[in-house]
Amino acid sequence: MTFYLKYRPQTLDEITGQDVVKKALQSSFQDHKLSHAYLFAGPRGSGKTSTARILAKMVNCESQESRVKSQESRDYPCNKCSTCISITDGSNLDLIEIDAASNRGIEDIRSLREKIKLAPTSGKKKVYIIDEVHMLTTDAFNALLKTLEEPPGHALFVLATTEPGKIPSTILSRVQKLDFKMATIEQLLQVLEKISQKEKIDIDREALQILAKKAEGSFRDGVKLLDQLSSFKGKITVKSLKETLKATQFDDTKVFLQILAGRSAKDSLLHLSKQMEYGLDVKELLLSLMEVLRNLLLIKNELGDQLVKPNLTDDQYEELLKLADSFSHQDLVSDLDILQKALEQLKFAVITSLPLELAIVDICGPQEKIVKDEPKKTVEILNNSPDIAKLQEKWTFVLETIRPYNFSLEALLRSSSIFSCSDSEVVMEVPYSFHQRILEAPKNRDLLESVFSDVLGRQIRVTTILGNRPARKEDVANIEVAADDEIIRVASEIFNSDTVN
Ligand SMILES: [Zn+2]
């Protein structure tokens with residue numbers, strides 16, 4: 001069993017930190033005043049779903065009578081009765097966990113509405129935990145709202161989110177919100193120290209401190225890291241820890257770049273989504289992709305021995321030399337540029353993985369891009385109109401004007417070209433049909449039209465055509481397959497929503 005499951009807190013008392021939340025739940029429970037719906041808000045890995053499951057046990061534990069005698073939370077829930085045990089092992093039928101992030105919940109919420117009227121199977125309450133609830137679609141939120149407006153007495157809802165700001169106010173007004181705090185380094189140390197003692201892991205206190213920092217406030221991440229290190233033979237010192245962390249990261253990044261070098265958006269997006277399931281940090285991945293690509297660029301410029309080799313093991317350096325063959329000099333410059341922009345966009349991302357996903361599509365996409373330093377080339381290929389030259393010349397201005405309003409639109413514009421320009425109309429050539437749908441969404445089109453009108457000093461209408469790029473047919477096919485996938489759906493939903501990106 002993984003450490004994360006093995007050491008998951010099973011009573012409120014076992015939860016480290018979160019005193020305000022624990023106190024609120026404990027006293028409402030003892031006074032029989034639990035709300036029918038809670039919103040647990042707080043950073044990832046702060047204990048929201050663990051607490052939700054403990055709450056599910058509290059309301060359904062079979063030894064309810066004994067809790068009156070014992071006012072101590074450490075004795076309750078009992079974690080011994082069949083209900084408690086079935087909740088721990090995930091087989092309890094009265095606990096329904098929905099992950100809004102994985103399927104956006106429409107079907108789940110629909111079936112929830114149908115089934116909610118049925119009485120609990122064995123316990124007193126049916127408990128619904130909806131994780132990452134901010135990811136629900138508008139439809140799913142509306143369905144959920146109807147359920148929250150008239151909840152049956154036997155239902156208890158726990159909505160969990162890392163982004164309470166994205167929960168509609170209609171939902172907020174129907175739930176009791178409890179705020180979870182990010183774990184402090186001290187609290188993380190306390191948990192990691194306890195587990196390493198129980199598991200007899202020989203680890204320096206300084207090394208534990210590095211782990212605690214690396215977990216960035218997430219108990220889950222900290223415990224997972226310790227789990228990964230537990231197979232390590234001998235004493236874990238600061239030095240061996242740093243080497244292990246670096247080696248694992250190097251290998252993961254290398255594999256990712258090998259896939260990316262194949263320039264298949266489908267393969268790369270699939271690989272990314274698998275990594276995300278393991279709780280991968282997008283920012284960290286971006287940074288390490290950029291670091292390795294930068295090393296490849298140095299190698300291409302014959303600076304490998306001097307600047308790259310000293311920081312790596314001999315094996316790693318050999319691997320990089322091989323990897324360098326898969327990238328042209330031009331690829332490296334353009335890929336680094338795209339990833340750098342994705343990193344900037346990450347701060348404003350509604351969906352954390354989206355900037356990287358768009359960057360991957362961009363990297364794997366057609367080569368004909370409007371690149372700032374070679375605008376003439378694109379103009380000559382497509383059309384010689386002076387208006388196009390003018391737009392081209394002002395292209396940086398166009399992108400920078402659009403960026404604060406909708407950075408993702410800006411990203412898509414970078415993989416589009418100006419096809420033609422007449423007195424009243426600019427035709428944009430886009431590589432993929434989903435680009436076309438996004439650029440033609442009224443909100444995006446309005447924005448683009450107003451910027452183009454500004455540049456050309458007259459009213460401009462924007463239309464799009466799909467580029468004809470026979471050499472890239474298999475890529476287009478890949479993207480069309482991906483178009484049915486989450487990223488495209490999510491992307492188009494964002495562009496059509498009222499949220500400013
Ligand atoms: Zn029990």
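1. A starting point for reading this structure, which is a predicted model, is T51, a residue that lies in helix α3. At 1% relative accessibility T51 counts as buried, because the limit for that class is under 20% relative accessible area. Once the neighbours within four places in sequence are left aside, the residues in contact with T51 are L12, I15, V21, L25, F40 and F180.

2. Helix α3 spans residues 48–60, and C61 is found in the loop between α3 and α4 (64–69). C61 is one of the residues that coordinate the zinc ion, the others being C78, C81 and C84, each through its SG atom and at 2.3 Å. The angles among the four donor atoms run from 102 to 121°, and the site of the zinc ion is tetrahedral.

3. Along the sequence, the donor residues of the zinc ion follow the spacing C-x16-C-x2-C-x2-C. The pair C61 and C78 links distant parts of the chain, with C78 placed in the loop between α4 and α5 (82–88) and 17 residues separating the two. As for their surroundings, C61 and C78 are both buried.

4. Turning to the nonpolar interior, the largest nonpolar core holds 44 residues, and those with the most contacts inside this core are L296, L320, L339 and L356. Two or more residues of this core come from each of the helices α13 (238–261), α14 (265–277), α15 (282–300), α17 (314–324), α18 (329–346), α19 (354–364) and α24 (433–440). The greatest contribution is that of α15, which gives ten residues. Seen by domain, at least three residues of this core are drawn from domain 3 (253–362) and at least three from domain 4 (366–496). In soluble globular proteins, nonpolar side chains tend to be buried together.

5. Which residues does L356 contact beyond its neighbours within four places in sequence? They are L272, V282, L285, L286, L289, L339 and A342, and of these L339 is itself listed, like L356, with those that have the most contacts inside the largest core. Apart from the largest core lies another, made up of 27 residues, among them Y76, I87, I129 and V158.

6. Two serines deserve a separate look. S240 has its place in helix α13, and with a relative accessible area of 12% S240 is buried. Not counting residues up to four places away in sequence, S240 touches F232 and K235. S417, for its part, lies in strand β6, which covers residues 417–421, and S417 is buried as well, with a relative accessible area of 2%. The C-alpha atoms of S417 and V427 are separated by 8.8 Å, while the two residues are ten apart along the chain.

7. For the protein chain as a whole, the secondary structure amounts to 27 helices and eight strands. The chain has 501 residues, of which 50% count as buried. Among contacts with a separation of 6 or more, 75% are between residues 24 or more positions apart. The accessible surface of the protein chain comes to about 24,800 Å², and carbon and sulfur atoms account for 51% of that surface.

Definitions and conventions:
Residues are numbered from 1 along each chain as its sequence is written. This is a predicted model: local features need pLDDT of at least 70, side-chain atom pairs count only at pLDDT 80 or more; totals for chains, interfaces and linings use all residues. Side-chain values use heavy atoms; hydrogens and water are left out. A nonpolar core is a set of buried Ala, Val, Leu, Ile, Met, Phe, Trp, Tyr and Cys residues joined through side-chain atoms within 4.5 Å. Buried means under 20% relative accessible area, exposed over 50%, partly exposed in between (1.4 Å probe, protein chains only). Helices (H or I, at least four residues) and strands (E, at least two) are DSSP runs, numbered from the N terminus. Domain bounds come from an automatic or database domain assignment. Contact means heavy atoms within 4.5 Å. Donors are N, O and S atoms within 2.8 Å of the metal (3.2 Å for Na, K and Ca); water is not among the atoms, so sites may look incomplete. Four donors count as tetrahedral if all angles lie between 85 and 135 degrees; four count as square planar and six as octahedral if opposite donors are over 155 degrees apart and all others between 65 and 115; anything else is irregular. Accessible areas come from the Shrake-Rupley method with a 1.4 Å probe; for residues, only the protein chains shown count as cover.
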